[in-house]
Amino acid sequence: MVLTELGSSLANALAKINRAPKIDDKILQILIADIERALLGADVSTKLVEKLKGNIREKLRLSELPAGVDVKRVIEKVECAQYKVAIQTKKQKGITVIKEITSLLDSERVAYVPRRGKSNVIMFVGLQGSGKTTTCTKLGYYYRVRGWKVGLVCCDTFRAGAFDQLEQNAIKAKIHFYGDRVETDPVKIALEGVKRFKEKKFEIIIVDTSGRHKQEESLFEEMEMIAHAVKPDDTILVVDSTNGQQLEAQAEAFRKRVDVASVIVTKLDGHAKGGGALSAVAATKAPIVFIGVGEHFNELQKFDTQRFVNRILG
Ligand code: GDP
């Protein structure tokens, strides 16, 4: 990694370190303050920023070093030890920080990987407006163009127009669709849709549940019942990156009621840096698997930790 690949805020902070005649606690405080500013500006929660600062300080305890030690070399060594980097140059100084932020994205779970020849049931949950319905089609499209047999089930009986939206999207994306304009019970629709697609040996069966504007009890009850009925292999929480700091409470609320196994962060094509999504990962212990970068079906990208961290620090 070279300095130019790092976010510009971090690059500036590190340039300060490189210009400093001597590295001492004061200059490190400045570095940490710069990093803190960049992170808070990117919607990373204060709790996580504090944790991160603590981790960085812990690794760079200059005051405990014996007098006469070349501090620049110590910093290099800390980084070397942590990254097993054999040769360290000044340009690589950002790595400790990057690694610390990256570790915040480390989830305890391994992302679910659909298997060929099996019916993989993927349930989507999220608040209304998060981009859930759009992302269902995007994920369906993602697998369809890779040769999988994909079916979408619309269980959103709450929002007027959800059926039409998903049906239209499915037609455009050339994905099979199941919904019921008359039935009002989302659990029955979910069961019937999944059953039909399983009978026809569909490999990816995406279940779109309804959203609400808030974390309401009725939403969670419905979600729980659908999850209980269809027993999804993967439950994906969709979060809107523009919701910033609210994502922590949001993710926590969903985690308490369903087994959130993966996260998709949407609207990263906009101004939001997406730092709030770090809290969603911390709250659910589930990995971010994809990001949404536009309104079109093909605007879904595999999550790349390094790019995401650089964006947060940029
Ligand atoms: P739902 O209520 O959660 O199902 O949300 P929708 O799928 O209806 O999406 C809400 C709005 O967000 C729609 O206008 C979508 O086109 C838009 N949207 C969804 N994902 C993205 C994204 O990644 N980028 C952008 N710019 N817009 C998105």
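## Ser119 and its surroundings

Leaving aside neighbours within four places in sequence, Ser119 is in contact with Lys198, Lys201, Phe202, Glu203, Ile205 and Asp233. Of these partners, Phe202 also appears in a polar pairing, since the side chain of Ser119 reaches the backbone oxygen of Phe202 at 2.8 Å. These statements describe a predicted model, and they should be read with that in mind.

Ser119 itself is placed in the loop between α5, which covers residues 95-104, and β1, which covers residues 120-125. Its relative accessibility is 18%, and because buried means under 20%, Ser119 counts as buried.

## Ser107, in the loop between α5 and β1

Ser107 also has its place in the loop between α5 and β1. Here the relative accessibility is 21%, so Ser107 counts as partly exposed. When residues up to four places away in sequence are not counted, Ser107 touches Val281, Lys285, Ala286 and Pro287.

A distance along the chain can also be set beside a distance in space: Ser107 and Asp164 are 57 residues apart in sequence, and their C-alpha atoms are 36 Å apart in space.

## The protein as a whole

The protein has 314 residues, of which 52% count as buried, and its secondary structure consists of twelve helices and eight strands. Among the contacts in the protein with a separation of 6 or more, 75% are between residues that stand 24 or more positions apart.

## The largest pocket

The largest pocket has a volume of about 320 Å³. Its lining is made up of 21 residues, and those that lie nearest the centre of the pocket are Ser130, Gly131, Lys132, Thr134 and Lys267.

Which helix gives the largest share of the lining of the largest pocket? Helix α6, which covers residues 132-144, contributes five residues and so holds that place. Sorted by class, the lining of the largest pocket contains twelve polar residues and seven charged ones, together with two nonpolar residues.

## The second largest cavity

The count of cavities of 30 Å³ or more comes to two, and the second largest cavity has a volume of about 30 Å³. The residues that line the second largest cavity are Ile32, Ile35, Glu36, Leu39, Val49, Leu52, Lys53 and Ile56. Two elements, α2 (25-41) and α3 (46-59), each give two or more residues to this lining.

The lining of the second largest cavity divides into six nonpolar and two charged residues, with no polar residues.

## How confident the model is

The protein averages a pLDDT of 81, and 78% of the residues score at least 70. For the model overall, the scores are an ipTM of 0.99 and a pTM of 0.83.

Where does pLDDT stay under 50? One such stretch is residues 1-6, for which the model has 14 contacts beyond four places in sequence. Another is residues 74-95, where pLDDT also stays under 50 and for which the model has 38 contacts beyond four places in sequence.

Notes: Residues numbered from 1 in each chain as written. Predicted model: local features only at pLDDT ≥ 70, side-chain atom pairs only at ≥ 80, totals over all residues. Heavy atoms only, no water. pLDDT = per-residue confidence, 0-100. Contact = heavy atoms within 4.5 Å. 1 Å grid on protein atoms, 1.4 Å probe; cavity = no way out; pocket = protein on both sides within 12 Å on 5 of 7 lines; lining within 4 Å. Points joined across faces, edges and corners; volume = space filled by probe spheres on them. Helix = DSSP H or I, 4+ residues; strand = E, 2+ residues; numbered from the N terminus. Nonpolar A, V, L, I, M, F, W, Y, C, P; charged D, E, K, R; others polar. Buried < 20%, exposed > 50% of the residue type's maximum accessible area, 1.4 Å probe, protein only. Polar contact = N/O pair within 3.5 Å; in protein donor to acceptor, adjacent residues only side chain to side chain.
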